[in-house]
Amino acid sequence: MKKVLFSFAVVAACLFVTACGSKKAQQENSENEAVEQVAEEASNEAEAQEPKLPVGPCTIEMDLMSVDIPEGWEVLNQDRHEVKIYPGTGDQFTESILIQEQPYRALADAVKTMKGLEQTKDLGTLPFGDNKFLAYEMPGGLTVLMRANDKDEYVQAEVRSEAYKKDGYKQVLAGIKLK
């Protein structure tokens, strides 16, 4: 009889351990599902919070100017005083155009610096639309400067090497409007 009672006790203990293990597995699965759900929600929230940068045609407004972005051109980076764009195809670095306004900086100083750089060719004044820029050709592309106001602040655009080989940059430079 003792053996039978002992056998029942062993079976009961095994069932108890199995039941606890099953409950623990259910809790772990539940916890894993909850963690996955929280991670997915956080990912979706992060995507929703990332600002979507515009694609042309559009106009980017800044303090000293606005820039008309042509159709298909993508904005890579934008802040209060600059915008970096590229035509949407090819290499983002070599085909990009960086347009910056230079508040609190003097155009005369920038011209002096440009003229002092080696391997820089002074192209004089070049028109793009209604805009007239002081232009400097370098191995990395074209840099143009335009006076923004009577304080001698200016706008600068750096047209990277591959963008300079194509005509699209001309439309971009013509689309700069001073305020």
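**Close-up views of a predicted model**

**View 1. Glu162 pairs up with Lys165.** Glu162 has a relative accessibility of 27%, so it counts as partly exposed. The burial words here come with cut-offs: buried is under 20% relative accessible area, exposed is over 50%, and partly exposed is in between (1.4 Å probe, protein chains only). Lys165, at 64%, counts as exposed. The side chains of these two residues meet in a salt bridge, at 3.1 Å from N to O. That term means a side-chain nitrogen of Lys or Arg within 4 Å of a carboxyl oxygen of Asp or Glu.

Before you go on, keep in mind that this is a predicted model: local features need pLDDT of at least 70, and side-chain atom pairs count only at pLDDT 80 or more, while totals for chains, interfaces and linings use all residues. Residues are numbered from 1 along each chain as its sequence is written, and side-chain values use heavy atoms, with hydrogens and water left out.

**View 2. Zoom out for a moment to see the whole chain.** There are 4 helices and 10 strands here. Helices (H or I, at least four residues) and strands (E, at least two) are DSSP runs, numbered from the N terminus. Walk along the sequence and you meet them in the pattern α-β-β-β-β-β-α-β-β-β-β-α-α-β. Of the 179 residues in the chain, 31% are buried. Take the contacts with a separation of 6 or more: 42% of them come from residues 24 or more positions apart. Contact here means heavy atoms within 4.5 Å.

**View 3. Lys179 reaches Glu61.** These two form a salt bridge, with their closest N and O atoms 3.0 Å apart. The pair ties together distant parts of the chain, 118 residues apart: Glu61 sits in strand 1 (residues 58-61), and Lys179 is in the segment after strand 10 (176-178). Is Lys179 buried or exposed? Lys179 is exposed, with a relative accessible area of 57%. The total for the model is 9 salt bridges.

**View 4. Glu101 is a buried charge without a salt bridge.** Look for Glu101 in strand 5 (residues 97-102). Which side chain of opposite charge is nearest to Glu101? That would be Arg80, 6.1 Å away. For charges, Lys and Arg count as positive and Asp and Glu as negative, while His and the chain ends are not counted. The side chain of Glu101 does reach some backbone, though: the nitrogen of Asp63 is 3.1 Å away, and the backbone nitrogen of Met65 lies 3.4 Å from a polar atom of that side chain. Leaving out neighbours within four places in sequence, Glu101 is in contact with several residues, including Leu64, His81, Tyr154 and Val155.

**View 5. Strand 9 has partners in strand 5 and strand 8.** Strand 9 pairs with strand 5 in the antiparallel sense over 6 bridges, and with strand 8 in the antiparallel sense over 7 bridges. Two strands pair if DSSP finds at least two bridges between them. On the strand 5 side, Ile99 stands opposite Ala157; on the strand 8 side, Leu145 has Gln156 as its bridge partner. Strand 9 is mostly covered, with 6 of its 7 residues buried.

**View 6. A hairpin joins strand 8 and strand 9.** There are 6 residues between the two strands, and Asp152 in the turn has a positive phi of about 70 degrees. Asp152 also meets Arg147 in a salt bridge (2.1 Å, N to O). Asp152 is buried, at 15% relative accessible area, whereas Arg147 is partly exposed at 45%. Now find Gly141, which lies in strand 8 and is buried at 5%. Gly141 is 19 residues from Arg160 in sequence, but their C-alpha atoms are 4.6 Å apart in space. Not counting residues up to four places away, Gly141 touches Tyr136, Val159, Arg160, Ser161 and Tyr164.

**View 7. Helix 2 has a buried side and exposed residues on the other side.** In helix 2 (residues 107-116), Leu107, Ala110, Val111 and Met114 are buried. They span an arc of only 100 degrees around the axis, so they are on the same side of helix 2. The arc is that of the directions from the helix axis to the C-beta atoms. Asp109, Lys112 and Gly116 are exposed on the other side of helix 2. What do the buried residues of helix 2 pack against? They pack against strand 7 (131-138), strand 8 (141-147) and strand 9 (154-160).

Key:
Polar contact = N/O pair within 3.5 Å; in protein donor to acceptor, adjacent residues only side chain to side chain.
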